[in-house]
Amino acid sequence: MNRTVDNIVSSGLVAVVRAKSADEALKIVGALKAGGVKAIEITYTVPGATSVIEALSAEYKNTDMIIGAGTVLDPETARIAILAGAQFVVSPYLNPDMVKLANRYDIPSMPGAMTIKEVVEAMECGAAIVKAFPGDVLGIKFIKSILGPLPYAKLMPTGGVDINNVGEWIKAGCVAIGAGSNLTAAAKTGEFEKVTAAAKEFIDAINAARN
């Protein structure tokens with residue numbers, strides 16, 4: 001298994017960072033790190049996302065922090081993110097060319113899927129992990145249904161994962177979960193200590209579900 005994927009699966013949590021500015025994004029990442037988060041997804045909805053990825057990749061180089069890019073819609077954006085230092089790329093849908101580009105650079109990709117056909121196609125393209133998206137629409141039963149015929153599929157739900165159900169997703173067989181607004185909502189009011197507290201709660205819940 002790729003070292004980055006291994007680390008993501010080991011930690012079980014990818015924190016999805018959306019912010020109104022690059023400065024806010026950096027503060028959110030600091031709060032998440034303080035809460036024990038090891039994998040950060042900077043989405044391309046963040047103003048100056050490439051610069052944020054570049055800055056964080058330099059800051060956390062040779063540490064156990066993993067910086068990736070999210071909302072990557074095409075291979076062009078994937079290449080820009082990878083050259084900026086992104087260690088993984090995430091997309092809300094399957095773009096085979098994006099997955100191939102990431103594989104060319106030996107960077108794990110996590111394209112989105114919401115049917116078994118899309119899950120299989122993502123795996124055939126070489127996706128490292130398949131993002132079950134949107135999780136709140138698909139539901140936890142979707143994971144169990146997919147893992148019936150595809151027990152080796154590596155699935156990560158994003159969207160609708162909160163502290164009350166995160167353990168259920170893990171118990172259903174997800175290798176990790178992606179959490180965004182339910183993890184970082186307090187950043188909107190500048191309460192970054194609450195982001196840190198939420199991160200700790202998520203990590204504790206994931207560990208409890210695995211044990």
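**A first look at this predicted model**

Going by this predicted model, the largest pocket has a volume of about 320 Å³.

Me: Which residues are the closest to the centre of that largest pocket?
Reply: The lining is made up of 21 residues. Those closest to the pocket's centre are Val16, Arg18, Gly180, Ser181 and Thr184.

Me: And which element gives the most to the lining of the largest pocket?
Reply: Let's start with the elements that give two or more residues: helix H2 (22-34), strand E9 (177-179) and helix H10 (181-184). With three residues, the one that gives the most is H10.

Me: Moving to helix H5, why do its buried residues line one face?
Reply: H5 covers residues 96-104, and its buried residues are Met98, Val99, Leu101 and Ala102. In an α-helix there are 3.6 residues a turn, so residues three or four places apart point the same way. Looking down the axis of H5, the buried residues line one face because they fall within an arc of 160°.

Me: What do those buried residues of H5 pack against?
Reply: Two of the partners are strands, E4 (89-90) and E5 (109-110). The others are helices H4 (75-83) and H6 (116-125).

Me: What goes on at the start of H5, and which backbone nitrogen is reached there?
Reply: Asn95 uses a side-chain oxygen here, coming to within 3.0 Å of its target. That target is the backbone nitrogen of Asp97.

Me: Which residue just after H5 takes a positive phi?
Reply: Here we step past the end of the helix, where a phi of about 60° turns up. The residue is Asp106.

Me: How many residues does the largest nonpolar core have, and which helix gives the largest share?
Reply: The core has 68 residues, and Leu13, Leu32, Ile40, Ile42, Ile143, Ile177 and Leu183 have the most contacts inside it. Eight residues, the largest share, come from helix H11 (residues 192-210). There's also a second, separate core of 13 residues, including Val14, Ala39, Ile66 and Val90. So much for the cores; the count asked for is 68 residues, and the helix is H11.

Me: Leaving aside neighbours within four places in sequence, which residues is Leu183 in contact with?
Reply: Leu183 is among the residues with the most contacts inside the largest core. Its partners are Leu13, Ala15, Leu32, Val195, Ala198, Ala199 and Phe202.

Me: Is Ser10 buried or exposed?
Reply: Ser10 sits in helix H1 (residues 3-11). Its relative accessibility is 53%, and the cut-off is over 50%, so Ser10 counts as exposed.

Definitions and conventions
Residues numbered from 1 in each chain as written. Predicted model: local features only at pLDDT ≥ 70, side-chain atom pairs only at ≥ 80, totals over all residues. Heavy atoms only, no water. Buried < 20%, exposed > 50% of the residue type's maximum accessible area, 1.4 Å probe, protein only. Helix = DSSP H or I, 4+ residues; strand = E, 2+ residues; numbered from the N terminus. Arc of directions from axis to C-beta. Contact = heavy atoms within 4.5 Å. Polar contact = N/O pair within 3.5 Å; in protein donor to acceptor, adjacent residues only side chain to side chain. Core = buried A, V, L, I, M, F, W, Y, C linked by side-chain atoms within 4.5 Å. 1 Å grid on protein atoms, 1.4 Å probe; cavity = no way out; pocket = protein on both sides within 12 Å on 5 of 7 lines; lining within 4 Å. Points joined across faces, edges and corners; volume = space filled by probe spheres on them.
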